[in-house]
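Colleague: Could you take a close look at one part of this model for me? I'd like to hear about the packing around the aromatic residues, and then whatever surrounds that spot.

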Amino acid sequence: MKKIILTLVLAVATISAYAADEVKNDTIPVNNSEIVKIVEDESVNSKGNKVTKFYFLYAGELIPASRHVVESYNLCKKHEAKCRLAVVVNKKNNRKRIILN
């Protein structure tokens, strides 16, 4: 009985480790000199509320980012400080986003 339970536990652990290994994200550092501009896109959602989405124009691509990342980047730029950003690429669906690193 103990052998069966131990075998089942090991099988479940192996399957979950294998599943977690496949969906890892790639994190690539951002070269701040390649950021061309920040785009703020205002639209209206299905409920009629105003929604603002933020994007970085980086290396010829529009890459989404959060409001917090954009505010932090602008603050660093204002005070001439380095801003450590990274592009996260989801391997499963190949989507990219910019985060603070």
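Modeller: Here is a walk from the overall fold into the aromatic pair, then out through the core, the cysteines and a couple of loops.

Keep in mind that this is a predicted model. The protein has two helices and six strands, and going from the N terminus the order is α-β-β-β-β-α-β-β. As for the overall dimensions, the radius of gyration is 20 Å, where a compact globule of 101 residues would come out near 13 Å. Along the principal axes, the C-alpha atoms fill a box of roughly 65 × 40 × 25 Å. Just 19% of the 101 residues count as buried. The exposed surface is about 8000 Å², with carbon and sulfur atoms supplying 56% of it. Still, among contacts with a separation of 6 or more, 42% join residues 24 or more positions apart.

Now to your spot. The structure holds one aromatic pair. The partners are Phe56 and Tyr73, with ring centres 5.4 Å apart and planes at 85°, so this is an edge-to-face arrangement. Phe56 belongs to strand E3 and Tyr73 to helix H2, so the pair ties together parts that are 17 residues apart in sequence. Both rings belong to buried residues: Phe56 has 0% relative accessibility, and Tyr73 comes in at 7%.

What sits around them? Ile38 is one place to start, as its contacts beyond four places in sequence are Tyr55, Phe56, Val70, Tyr73 and Asn74. So Ile38 touches both members of the aromatic pair. Ile38 is part of strand E2, which covers residues 35-44. At 23% relative accessibility Ile38 is partly exposed, because the buried class stops under 20%. Its C-alpha atom is 9.8 Å from that of Pro64, a residue 26 places away along the chain.

Leu85 also reaches both rings. Leaving out residues up to four places away, Leu85 touches Pro29, Val30, Asn32, Ile35, Phe56, Val69, Tyr73, Ile98, Ile99, Leu100 and Asn101. That list takes in Phe56 and Tyr73 along with residues numbered in the high nineties and beyond, such as Ile98 and Leu100.

Leu85 and Phe56 turn up again in the largest nonpolar core, which has 16 residues. Together with Ile35, Val87 and Ile98, they are the members with the most contacts inside it. Two or more residues of this core come from each of E3, E4, H2 and E5. Helix H2 gives the most, with four residues. As a background point, nonpolar side chains in soluble globular proteins tend to be buried together.

Helix H2 has a polar residue worth a look too. Ser72 lies in this helix, and its relative accessible area of 19% makes it buried. That is a narrow call, because the cut-off is under 20%. Beyond four places in sequence, Ser72 is in contact with Cys83 and Leu100. Leu100 is also on the contact list of Leu85.

Cys83 brings us to the cysteines. How many disulfides does the structure hold? The count is zero. Cys76 is in no disulfide, and the nearest cysteine sulfur, that of Cys83, is 3.9 Å away. Cys83 is likewise in no disulfide, its nearest cysteine sulfur being that of Cys76 at 3.9 Å. The pair is not counted because a disulfide needs the sulfur atoms within 2.5 Å. Both cysteines are buried, Cys76 at 18% relative accessibility and Cys83 at 7%.

Last, the loops on either side of this stretch. Most residues other than glycine have a negative phi. Against that background, Ala59 has a positive phi of about 55° without being a glycine. Ala59 is in the loop between strand E3 (50-58) and strand E4 (61-65), and at 48% relative accessibility it is partly exposed. Glu80 is another such case, with phi near 55°. Glu80 is in the loop between helix H2 (67-78) and strand E5 (85-90). At 77% relative accessibility, Glu80 counts as exposed.

Back to your question, then: the spot is a buried edge-to-face pair that links strand E3 to helix H2, with Ile38 and Leu85 in contact with both rings' residues.

Definitions and conventions
Residues numbered from 1 in each chain as written. Predicted model: local features only at pLDDT ≥ 70, side-chain atom pairs only at ≥ 80, totals over all residues. Heavy atoms only, no water. Buried < 20%, exposed > 50% of the residue type's maximum accessible area, 1.4 Å probe, protein only. Contact = heavy atoms within 4.5 Å. Core = buried A, V, L, I, M, F, W, Y, C linked by side-chain atoms within 4.5 Å. Rg over C-alpha atoms; globule rule 2.2 N^0.38 Å. Areas by Shrake-Rupley, 256 points an atom, 1.4 Å probe, with all protein chains shown as cover. Phe/Tyr/Trp six-rings, centres within 6.5 Å; stacked < 30°, edge-to-face > 60°.
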